[in-house]
Amino acid sequence: MVHKAGFVNIIGNPNVGKSTLMNAFIGEKLSIITSKAQTTRHRILGIVNGDDFQAILSDTPGIIKPAYELQESMMGFVKSAFEDADVLIYMVEIGEKELKDEDFFNKITNAKIPILLLINKIDKSNQEQLEEQVQFWSQKVPNAEMYPISALENFNVREVFDRIVELLPESPPFYPKDQLTDKPERFFVNEAIREKILVHYKKEIPYSVEVETEEFIEDEDIIRIRSIIMVERDSQKGIIIGHKGSALKRVGTEARKELEKFFGKKIHIELYVKINKNWRSNERQLKRFGYNNKG
Ligand SMILES: Nc1nc2c(ncn2[C@@H]2O[C@H](COP(=O)(O)OP(=O)(O)OP(=O)(O)O)[C@@H](O)[C@H]2O)c(=O)[nH]1
Ligand SMILES: [Mg+2]
């Protein structure tokens, strides 16, 4: 039996639906999803296995012009996704015209590997608009195969996945066949907490937060978790905690529910808030949080 395996890396502007697609392929909520841009900060592998194939998908941060060190590291992850891709998925959303970085865009149009250009969120469009978009993108990225999809409503997702498997090179698997991701359990704890912060806080707060899980103790019927929410400034600490701790409590409750689904076990979670001055611009701190992939 011929075995196929390879890296399938999803890139595109912020908020177009990259993480939604990744989760749709995997059939699990591996990546967090919110309506805010810059939800994803890391490159996250999601592995789909069949008897004769292994598709190693990568979700990546949305492409932006970096303004501080954290964002530079995020773009480093995007860059790495260009370097090892066997198949590149370039996702755009209905109505979008430009990639926010010309260098990345040129890499796509000059790529020697198969490019699948997915026009996402077609559930929000009509036939006429879709035809105009297909026209536009086929001129702009002539080397791509194009698929209109809705990652949210699972429209055309299966068809795209079948095409991916066709395009995978012949290769033995890169990871054990029962492995789902490259990230440890604590990473998903941090992300679940960060998702709730993205949802419930405004302005710069979500972008100033990093989460670190100090304790993850798994017993037979319960997982005990202690995590630290790190903010950049004094004033942000009070906002995160809220009146009599109510805001922080909500984050804890919602993250706990999310994680009980993810791990299939009862969860006990304790959250603390700490100030870590300007961590987003501090190389040493960034390294500690796993952002060591500067572009
Ligand atoms: N209507 C519609 N909304 C979608 C679709 N796919 C994703 N969304 C929504 O778009 C928003 C962004 O989705 P994400 O999957 O987080 O987007 P992303 O590209 O990973 O964003 P970043 O990680 O910030 O770069 C969320 O509110 C999703 O629910 C779709 O097919 N249709
Ligand atoms: Mg994302």
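Reader: Hi! Which residues are exposed on the other side of α4?
Author: Happy to help! This is a predicted model, and in it Q127, E128 and Q139 are the exposed ones on that other side of α4.

Reader: And which residues of α4 are buried?
Author: L130, Q133 and W137 are buried in α4. They sit on the same side of α4, because the arc they cover around the axis is only 60°.

Reader: Why would residues three or four places apart point the same way?
Author: An α-helix has 3.6 residues a turn, so residues at that spacing face the same way.

Reader: Nice. What do the buried residues of α4 pack against?
Author: Two kinds of neighbour: strands β4 (87–93), β5 (115–120) and β6 (144–148), plus helix α3 (102–109).

Reader: How far apart are the end C-alpha atoms of α4?
Author: They are 20 Å apart, which agrees with the 20 Å that its 14 residues (127–140) should span at 1.5 Å a residue.

Reader: Switching topic: at what angle do α1 and α5 pack?
Author: About 75°, with the axes of α1 (residues 18–26) and α5 (residues 157–167) 10 Å apart. The two helices are therefore roughly perpendicular to each other.

Reader: Which residues meet there?
Author: From α1, L21, A24 and F25; from α5, V157, V160, F161 and I164. By class, that contact has seven nonpolar residues, with no polar and no charged ones.

Reader: How about α7 and α8, what's the angle there?
Author: About 65°, and the axes of α7 (residues 234–241) and α8 (residues 246–263) are 5 Å apart. That angle makes α7 roughly perpendicular to α8.

Reader: Who touches whom, and which classes are they?
Author: I239, I240 and I241 in α7 meet S246, A247 and L248 in α8. The contact has five nonpolar residues, one polar and no charged.

Key: Residues numbered from 1 in each chain as written. Chains lettered and ligands numbered in written order. Predicted model: local features only at pLDDT ≥ 70, side-chain atom pairs only at ≥ 80, totals over all residues. Heavy atoms only, no water. Axes fitted to C-alpha atoms, helices over the stretch in contact; angles between N-to-C directions. Helix = DSSP H or I, 4+ residues; strand = E, 2+ residues; numbered from the N terminus. Parallel < 35°, antiparallel > 145°, perpendicular 65-115°, else oblique. Contact = heavy atoms within 4.5 Å. Nonpolar A, V, L, I, M, F, W, Y, C, P; charged D, E, K, R; others polar. Expected span 1.5 Å × (residues − 1). Buried < 20%, exposed > 50% of the residue type's maximum accessible area, 1.4 Å probe, protein only. Arc of directions from axis to C-beta.
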